[in-house]
2 protein chains.
Amino acid sequence: MSESPVNVLVGKTALSGTWHEPNRLIPGVLFVHGWGSNQRNNLQLARSISRLGCICFTFDLRGHAATSDLHACVTPEENMADVLAAYDLLAAHDSVDKSAMAVIGSSYGGYLAAILTSMRPVDWLVLRVPAIYRDSDWKKPKAKIDRTDLNAYRDLYLEPEDSRALRACAQFEGDALIVESEKDTVVAHPTVASYSAAFRKAHSLGHRVLDGADHGLTDPGCRDAYHRIVSRWMSEMISAAREHQ
Amino acid sequence: MSESPVNVLVGKTALSGTWHEPNRLIPGVLFVHGWGSNQRNNLQLARSISRLGCICFTFDLRGHAATSDLHACVTPEENMADVLAAYDLLAAHDSVDKSAMAVIGSSYGGYLAAILTSMRPVDWLVLRVPAIYRDSDWKKPKAKIDRTDLNAYRDLYLEPEDSRALRACAQFEGDALIVESEKDTVVAHPTVASYSAAFRKAHSLGHRVLDGADHGLTDPGCRDAYHRIVSRWMSEMISAAREHQ
């Protein structure tokens with residue numbers, strides 16, 4: 001809330017007036033979808049979050065939707081460049097408050113979102129079933145990463161120093177929310193637990209498990225529950241930020 | 001909520017992105033104080049209402065505060081010109097949605113606010129203990145209007161055609177809220193009741209009586225109750241308008 005004086009001119013008389021203007025904090029929220037998914041899976045949540053007074057941005061990662069011809073050859077490094085470009089477009093939006101940037105990533109998108117926090121300012125980070133990859137696979141085509149080896153890697157409890165994504169989380173000083181699926185057969189519990197444990201400097205950390213949910217939230221009830229959790233969390237974050245404005 | 005597609009350029013690749021933007025309805029709210037008062041009496045309520053996401057404007061009527069040397073000679077007609085100038089300044093604010101204009105007037109300010117609705121678009125009108133004057137006193141110095149005659153006039157139940165203020169209310173098609181003080185010794189009940197009865201075309205009409213309150217709301221509890229009533233009502237109006245956007 002800001003107040004500023006102004007004169008109202010009526011003929012030759014100047015009357016004292018005062019503008020009372022609301023806080024104009026309009027957060028920017030970037031959605032990063034998972035491997036094999038696309039932005040359409042984020043549209044419903046983006047609509048809900050934008051109703052909270054945010055400008056949301058969804059996009060298709062390279063190798064998906066219109067660029068699916070690149071699916072076999074796109075690398076994590078290239079998709080990271082996509083996320084950076086999308087973030088920069090969002091941050092450049094006239095109305096977006098650059099001091100209130102949120103990123104919401106699912107699975108592979110959560111992995112990229114976590115790394116993004118080490119490259120760009122992020123205030124609020126939501127990681128849904130965040131996946132993990134070996135640092136050595138950074139420049140390999142994502143589709144060609146050895147699945148058996150990856151699954152074994154995801155069964156490990158990792159330290160922040162083991163992965164660039166976890167290192168980023170360990171340095172993150174904003175608010176973080178992790179949402180895990182109870183019946184996840186793609187990203188094992190130790191991986192999500194490793195993310196959770198990595199947030200050593202976070203301003204706040206929430207970790208929620210969606211009962212009965214699978215990795216892709218195919219059950220509509222679980223998907224609704226996820227949307228409610230993120231909407232409430234974002235609403236809380238925005239209210240707190242507006243109070244401090 | 002609006003959605004619009006945009007391309008994200010990453011090197012030579014164009015990725016499909018979508019902006020999800022919130023409704024930007026920012027109402028403008030004009031406060032008109034009563035005779036012998038000034039804008040400071042509206043500051044607290046203006047702050048509350050601006051927190052709802054409105055741009056509020058308070059100002060001192062001619063003959064008050066810095067221009068109190070004009071107190072003895074200013075006429076209702078001149079103060080009406082002040083209200084019009086303040087309204088026009090508010091409506092010209094870049095961020096104000098001209099289709100969501102509110103006016104909140106107390107006593108003499110309520111009288112002027114009612115008349116304003118016949119001269120400018122007003123969507124939401126709050127009249128607290130609205131005063132009334134004879135049309136024939138329009139060009140007389142307000143301070144010189146015969147008090148005994150005025151009190152007798154305020155004891156009458158009037159028809160819309162009896163007064164320019166009531167005629168304006170009878171044509172008003174927006175939402176109106178009237179707040180009466182139970183122990184008002186300045187504006188008699190028949191006057192407030194005449195305003196209430198005049199709103200024949202209003203989209204909605206609320207009429208609340210503040211128990212135990214005097215004309216000037218000198219009791220802090222009554223003042224708080226008034227602020228709560230107006231804040232809730234404005235909040236409801238804004239929510240409804242945003243849903244229809």
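Which residue's side chain meets the side chain of Lys139(A) in a salt bridge? The legends below start with that pair.

**View 1. A salt bridge within chain A of the predicted model.** The partner is Glu77(A): its side chain and that of Lys139(A) meet in a salt bridge, at 2.9 Å from N to O. This pair links distant parts of the chain, 62 residues apart. Glu77(A) sits in helix H2 (residues 76-91) of chain A. Lys139(A) lies in the loop between strand S6 (124-128) and helix H4 (147-154) of chain A. Over all chains, the count comes to 18 salt bridges.

**View 2. The contact between chain B and chain A.** Chain B gives 45 residues to the contact, and chain A gives 45 residues. The area buried between the two chains is about 3,400 Å². Carbon and sulfur atoms give 65% of that area. In chain B, Leu15(B), Trp19(B) and His20(B) lose the most area to chain A. Together these three account for 18% of what that side buries.

**View 3. Salt bridges and polar contacts across the interface.** Between chain B and chain A there are 2 salt bridges. In one salt bridge, the side chain of Glu3(B) meets that of Arg47(A), at 2.4 Å from N to O. Polar contacts between the chains number 16 residue pairs, with both residues at pLDDT 80 or more.

**View 4. The side of chain B that touches chain A.** Several elements of chain B each supply at least two residues to this side: strand S1 (2-10), strand S2 (13-21), helix H1 (43-51), strand S4 (55-59) and helix H2 (76-91). S2(B) brings the largest share, 9 residues. By class, this side of chain B has 24 nonpolar, 13 polar and 8 charged residues.

**View 5. Strands that pair between the chains.** Strand S2 (residues 13-21) of chain A pairs with S4(B). The sense is antiparallel, over 4 bridges. Here Trp19(A) stands opposite Phe57(B), a residue of S4(B).

**View 6. One chain laid on the other.** How are two copies of a chain related? By a rotation about an axis and a shift along it. Here a turn of 180 degrees, with a shift of 0.0 Å along the axis, lays chain B on chain A with an RMSD of 0.1 Å. That is the relation of a two-fold axis. The same surface serves both copies. Of the contact residues of chain B, 100% recur in chain A.

Key
Residues numbered from 1 in each chain as written. Chains lettered and ligands numbered in written order. Predicted model: local features only at pLDDT ≥ 70, side-chain atom pairs only at ≥ 80, totals over all residues. Heavy atoms only, no water. Contact = heavy atoms within 4.5 Å. Buried area = accessible area lost by both parts, 1.4 Å probe. Salt bridge = Lys/Arg side-chain N within 4 Å of Asp/Glu carboxyl O. Polar contact = N/O pair within 3.5 Å; in protein donor to acceptor, adjacent residues only side chain to side chain. Nonpolar A, V, L, I, M, F, W, Y, C, P; charged D, E, K, R; others polar. Pairing = 2+ DSSP bridges. Least-squares fit on C-alpha atoms with pLDDT ≥ 70 in both.
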